[in-house]
Every structure is written in C-alpha cells, then in structure tokens.
Amino acid sequence: MYRLYQMQDSGNCYKVRLLLNQLQIPCECIEIDILSGESRTDTFLEKNSNGRVPTLQLDEQTYLPESNAILWYLAEETPFLPQDKLARARVLQWMFFEQYSHEPFIATSRFWISILQQEDNFADQIAAKRSGGEAALGVMNRHLQDNDYFAANQYTIADIALYAYTHVAEEGNFQLAPYPAITTWLTRVQSQSWHIGLLDPIA
Ligand SMILES: N[C@@H](CCC(=O)N[C@@H](CS)C(=O)NCC(=O)O)C(=O)O
C-alpha cells in the first residue's frame, strides 16, 4: 500500500489525496507537522532531500516528492491523464502554470493568513503577492469562459492541481466573486465522482 507523508491542511497534499480517492487507491497517510520542523529532520530528509510534503512512498525504499509529479505518476493510464500527445502537453502546461504563476502567490498568502494566522506580521509579504495572485485568477477565469476544464475538454489532473488552492483562495484574502467562470468550474470539479474535501480523509 502507498504511504503518503503529508499535512492535512496543505493544498499540495490535498491534490494527492483527492486523486487517490477518485482512483479508489488505498493509502496510509502519515501526518508531518511542518510547523514544528518534522519535514526537516534527518529521517525525513532521507525520504525527500528537499524537506517538503507531500512525499509518496511507493515501496520500501522509493519516495516520490512534488505534488504534481505524484499526480502524474498516479494518473498514468487512467482517465485523469489523456493519451493524446498535445492533450498531455496541455495538462503539463497548466500544472507548470499552477506551480509557477498560482501557488507561489495564493498558497503562500493563505499559509501566512490562515495557517500561521499572522496576517499582520506578514503584511508586506502578503501585499507583494496580491498582483501575481490576481493575475493567475484572471488567466484561469478567461480560459474557463470558453472551456469547461483546463485541458483536453475533460476533467484531468490539471483541474485537480489548480482546484487545490483555488477553492480556498479566500483563505488567502483572494475573493472569487469577480471570477464567475472560476466559481462555476469549482462546482463542476466538486460534482466529479468520489470528490472529497480538503479536510476529509480518504474514503
Ligand atoms: N512544489 C512542492 C511544494 C511543496 C511544499 O511547499 N510543501 C510545504 C507544505 S504545502 C512544505 O512541506 N513545507 C515544509 C517545509 O518547507 O519545511 C509540491 O508541489 O509538492
């Protein structure tokens, strides 16, 4: 059975739990308290030298970090990752967008405001993330005005990757009301079979 080293509140970890649940793959979840440094112990660094969750243990000595790499690994040969060459590149396009243009703005703001609950202490850093986060939401909204999903006209791991931090963007003070195509898409994602919420265990 897979073993997922994770933090329940983390959107990056939620991506993996959501896909595992939708694939109905059993997994043991091990909670790592990143706030007390558990992701930076020697024992954990042997599993992931970058000291971050999620990290998926595949077998006795094989560990796979990086949420989107894990999604890709699990989704191979499933409906969550299309076969067509361009469609697969489109999935990657949006997963790279998520990591470079979305997560560094929206997830970090949420981390300071709602996980650490230190909005005042991080006021300057949060302000510096605002325009990037709004730009990412604008890009998503424009795409979703003409498309039901991000890639290949179907629900894929690109949607899972982008859903994870978008649906909790308001916890990072990014209001979603100005982005109606995003809010419609959030509902579309939530209606997929075996969907679970961020705080839910794998069924
Ligand atoms: N690019 C990585 C980011 C992982 C990441 O930043 N994880 C955070 C939690 S969301 C973490 O483990 N932080 C602990 C630390 O930096 O020590 C991914 O997508 O998995």
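**Exercise 1. Describe how helices α1 and α6 of this predicted model cross and which residues join them.**

*Solution.* The crossing of α1 and α6 is right-handed. As a next step, consider the geometry of the axes: those of α1 and α6 come within 8 Å and cross at roughly 140°. An angle over 145° would count as roughly antiparallel; α1 and α6 are therefore oblique to each other. The residues come last. On the side of α1, the contact is made by G11, N12, Y14, K15, L18 and L19, which meet I157, I160, A161, A164 and Y165 in α6. Sorted by class, the contact of α1 with α6 has eight nonpolar, two polar and one charged residues.

**Exercise 2. Determine how α4 is oriented with respect to α6, and list the residues in their contact.**

*Solution.* Begin with the axes. Helix α4 covers residues 85–115, and its axis comes within 9 Å of that of α6, with a crossing angle of roughly 10°. Angles under 35° count as roughly parallel, and α4 and α6 are therefore roughly parallel to each other. Next, identify the partners. From α4, the contact draws on V91, W94, M95, E98, H102, E103, I106, A107 and R110, while α6 supplies I157, A158, A161, L162 and Y165. By class, ten residues of the contact of α4 with α6 are nonpolar, one is polar and three are charged.

**Exercise 3. Establish whether α6 and α7 are parallel or perpendicular, and characterise their contact.**

*Solution.* Helix α6 spans residues 157–166 and helix α7 spans residues 180–190; their axes come within 11 Å and cross at roughly 115°. Angles of 65 to 115° fall in the roughly perpendicular class, so α6 and α7 are roughly perpendicular to each other. As for handedness, α6 passes α7 in a left-handed crossing. In the contact, α6 contributes D159, Y163 and T166, and α7 contributes I182, L186 and V189. The classes in the contact of α6 with α7 are four nonpolar, one polar and one charged residues.

**Exercise 4. Locate the two domains and describe the side of domain 1 that touches domain 2.**

*Solution.* First, the bounds: the domain assignment gives domain 1 as 2–75 and domain 2 as 85–190. Their C-alpha centres lie 21 Å apart. Second, the contact: eleven residues of domain 1 are in contact with ten residues of domain 2. Third, the elements: α1 (11–22) and α3 (67–75) each give two or more residues to the side of domain 1 that touches domain 2. The largest share of this side, six residues, comes from α1. Finally, the classes on the side of domain 1 that touches domain 2 are six nonpolar, three polar and two charged residues.

**Exercise 5. State how many residues surround the ligand and how they divide by class.**

*Solution.* The ligand is surrounded by 14 residues, and the closest are S10, I34, S39, R52 and S67. By class, the shell around the ligand has four nonpolar, seven polar and three charged residues.

**Exercise 6. Find the cis peptide bond at P54 and the positive phi at A152, and place both residues in the chain.**

*Solution.* The cis bond runs from V53 to P54, with omega near 5°. P54 is found in the loop between α2 (42–47) and β3 (55–59). Turning to A152, this residue is not a glycine, yet its phi is positive, at about 60°. A152 lies in the loop that connects α5 (123–146) and α6.

Conventions. Residues are numbered from 1 along each chain as its sequence is written. This is a predicted model: local features need pLDDT of at least 70, side-chain atom pairs count only at pLDDT 80 or more; totals for chains, interfaces and linings use all residues. Axes are lines fitted to C-alpha atoms, for helices over the stretch in contact, and angles run from 0 to 180 degrees between N-to-C directions. Helices (H or I, at least four residues) and strands (E, at least two) are DSSP runs, numbered from the N terminus. A crossing is left-handed if the near helix is turned anticlockwise from the far one by less than a right angle, and right-handed if clockwise. Two residues are in contact if their C-beta atoms, placed from the backbone, lie within 7 Å. Ala, Val, Leu, Ile, Met, Phe, Trp, Tyr, Cys and Pro count as nonpolar, Asp, Glu, Lys and Arg as charged, and the others, Gly among them, as polar. Domain bounds come from an automatic or database domain assignment. A residue is near a molecule or strand if its C-beta atom, placed from the backbone, lies within 6 Å of it.
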